[in-house]
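The following note is offered to a colleague who is meeting this structure for the first time. The points are numbered so that each may be checked against the view.

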Amino acid sequence: MSEQKPAQHPTPLESDGLVSSDFFFLWDATPMCVLLHDAETKEILWANAAASRMLEFSITELKPLKAPDMSSPAHQYDRAIGLAWLQAAVESGHSSIEWHYRSRSGRVIPTEAIATRVRLSRGLAVMVQFRDIQRELSVQRQLDITNSYVSAIGHHASVNILVLDADGAVEYATDAALASLCIAPGQEPGRLEDRAEIHQGDTRITWDELRQSAQPVSRVRLLVRRSEGEDVWLEGTVERLEEHAGDGYLVVLQDVSDRVHADAHRAREGYRENYLARYTAMGDMAMTIAHELGQPLSAASNYLRGVTAHLDGVSNETPVTEEVRSAVGLARRQIDRAASVVTSVRSYVGHQEQDAQAADLRTIVEESSYFVRLRAKPVEVEVEVDLGDDPIMVCCERVLIGQVILNLCFNAIEELTGLEKGARRLRVQVGAGAGVGVVTVTDNGSGIAFDPFQQSFVSRPRGSGIGLVLSQRIVTRQQGSIWAKRLPDHGSEFGFALPLVTEESG
């Protein structure tokens with residue numbers, strides 16, 4: 001065992017104005033408690049005033065005491081452990097421990113104790129310095145409790161809380177917030193701006209703009225876009241926290257996705273209802289127009305028939321007779337054509353509710369193709385209709401299914417007007433398979449960007465068709481299905497399927 005050599009002073013203590021007894025006064029004045037133990041026997045040799053006050057024993061009373069007389073009765077403060085701690089200081093020079101002393105009145109005092117080997121004129125000793133750390137332990141216990149509460153809230157509560165630094169990097173986040181931002185456990189959160197779109201009101205802003213608006217509190221909305229499922233909307237506040245190391249920001253959010261999606265759904269429903277109302281009004285107007293035009297067209301046709309009959313009684317030798325007869329014939333044909341169109345319009349818009357009946361899907365397509373070609377001819381769209389060879393019997397409301405065919409074709413024609421003339425082609429095909437009759441409408445246009453039937457409402461700047469939403473309702477109401485897809489090369493395909501008539505259903 002190496003021994004500490006006595007300190008070598010270049011000059012006597014008196015030369016510094018101090019005497020040996022002054023050091024006892026210094027030790028008695030310090031608030032640090034000091035006990036001096038014999039290095040071999042571990043008996044107490046001396047104690048300063050601070051130690052006497054804490055332990056409530058005089059120096060004379062302390063000297064004969066052993067560890068059990070002045071230590072906590074807990075087993076970790078047994079005399080053997082205390083002796084081993086003091087011996088470790090004798091051997092190595094220093095040793096520290098958390099030791100619980102016990103005062104005369106029985107109060108247990110937790111302390112941080114440091115034992116140091118010293119050489120006195122009488123031989124080796126161990127000086128123990130200790131201080132009351134009860135207040136520190138109490139504070140630490142409160143911190144531990146607080147940390148456990150915060151940890152419990154962070155891991156178990158469904159609260160979206162984030163703490164960000166001045167650059168917008170996430171320094172702390174509850175489990176709920178990590179899940180809302182699609183951050184996997186153990187993954188580095190990074191900057192908030194990289195995880196979500198930041199909005200104030202209806203305006204998208206940057207993190208720096210949000211940070212500047214937090215003086216000290218500001219409202220914020222976050223949009224987290226997900227590759228699968230619906231997007232997540234979070235709404236709450238961001239508050240600036242002044243810290244010594246720089247400003248921090250506390251963000252408290254709640255998930256308002258259901259409310260936002262519900263508002264958007266209500267808005268789309270409003271658009272759809274307005275659209276269907278316009279369609280109903282157009283149907284009423286079409287019925288009125290057909291009715292009002294039908295009578296004058298019929299009267300004009302009768303007048304022309306009378307003129308023709310009158311001309312038949314006039315001598316053909318009259319030079320103008322043949323020309324008039326020809327002109328009247330042309331006029332009659334045009335009027336008959338107009339009357340046919342009006343009759344067809346009345347047939348299509350005048351039967352909003354028709355009982356389902358067995359019908360050949362080919363016949364419905366063939367009847368509809370007249371109007372399709374009528375719409376396609378002025379814009380030079382080439383129409384091909386493939387009806388197949390065999391009847392395809394389905395149970396449907398044939399007038400409404402005709403409306404669906406017209407709508408799909410009219411939409412395709414409108415799309416094709418963006419191509420060069422001579423390159424505009426539309427194909428309507430009827431077929432059957434897997435218990436259903438199928439109608440497909442394909443075009444060679446630019447192709448749809450998304451499936452419109454996945455949207456609650458499709459807004460079209462032009463056109464007065466019944467709309468894809470109503471087409472979907474008509475088909476699904478008749479136990480059918482309807483779809484739209486982008487073709488691999490170019491163009492789009494719209495189609496629907498209706499159950500075939502079977503012996504059981506017939």
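1. Two strands are taken to pair if DSSP finds at least two bridges between them. By that rule, strand β1 (residues 33-38) and strand β5 (residues 123-132) are paired in the antiparallel sense, with six bridges. Within this pair, L36 has M127 of β5 as its bridge partner. The reader should bear in mind that the model is predicted.

2. The pair belongs to an open sheet of five strands, whose order is β2-β1-β5-β4-β3 and whose pairing is antiparallel. Which strands stand at the edges? They are β2 (44-47) and β3 (94-102); each has a single partner strand, so one side of each is left without a neighbour in the sheet. From one strand to the next, the twist averages 30 degrees.

3. Two helices should be viewed together with this sheet. Helix α1 (residues 20-29) lies across β1, β2 and β5, and runs at about 75 degrees to β2. Helix α5 (residues 79-92) also packs on the sheet, where it touches β1, β3, β4 (108-120) and β5. The direction of α5 makes about 155 degrees with that of β3.

4. A further sheet deserves separate attention. Five strands form this open sheet in the order β14-β16-β17-β19-β18, and here the pairing is mixed. At its edges stand β14 (382-386) and β18 (481-486), each with a single partner strand, so one side of each lacks a neighbour in the sheet. On average, neighbouring strands are turned by 15 degrees against each other, direction ignored. Strand β16 (residues 425-433) pairs with strand β17 (residues 436-443) in the antiparallel sense over eight bridges, and V428 has V441 of β17 as its bridge partner.

5. Helix α13 (residues 398-416) lies across β16, β17 and β19 (492-499), running at about 175 degrees to β19. How is α13 oriented relative to helix α12 (residues 361-376)? The axes of the two helices come within 9 Å and cross at roughly 40 degrees; α12 and α13 are therefore oblique to each other. Their crossing is right-handed. On the α12 side, the contact includes L361, I364, V365, S368, F371 and V372; on the α13 side, I401, I405, L406, C409, F410 and I413 are among the residues involved. The residues of this contact divide into twelve nonpolar, three polar and three charged.

6. Is S180 buried or exposed? This residue, found in helix α7 (residues 175-180), has a relative accessible area of 11% and is buried, because buried means under 20%. Leaving aside residues up to four places away in sequence, S180 touches N160, V224, R226, V232 and L234.

7. Some backbone details in loops may be inspected individually. The peptide bond from Q215 to P216 is cis, with omega near 0 degrees; P216 is found in the loop between α9 (207-213) and β10 (217-224). Positive phi values occur in E56, near 65 degrees, and in Q479, about 60 degrees, although neither is a glycine.

8. The surroundings of these last residues may be stated briefly. E56 is placed in the loop between α2 (49-55) and α3 (59-62), and counts as partly exposed at 31% relative accessibility. Q479 is placed in the loop between α14 (468-477) and β18, and counts as exposed at 63% relative accessibility.

Methods:
Residues are numbered from 1 along each chain as its sequence is written. This is a predicted model: local features need pLDDT of at least 70, side-chain atom pairs count only at pLDDT 80 or more; totals for chains, interfaces and linings use all residues. Side-chain values use heavy atoms; hydrogens and water are left out. Helices (H or I, at least four residues) and strands (E, at least two) are DSSP runs, numbered from the N terminus. Axes are lines fitted to C-alpha atoms, for helices over the stretch in contact, and angles run from 0 to 180 degrees between N-to-C directions. Contact means heavy atoms within 4.5 Å. Buried means under 20% relative accessible area, exposed over 50%, partly exposed in between (1.4 Å probe, protein chains only). Angles under 35 degrees count as roughly parallel, over 145 as roughly antiparallel, 65 to 115 as roughly perpendicular and the rest as oblique. A crossing is left-handed if the near helix is turned anticlockwise from the far one by less than a right angle, and right-handed if clockwise. Ala, Val, Leu, Ile, Met, Phe, Trp, Tyr, Cys and Pro count as nonpolar, Asp, Glu, Lys and Arg as charged, and the others, Gly among them, as polar.
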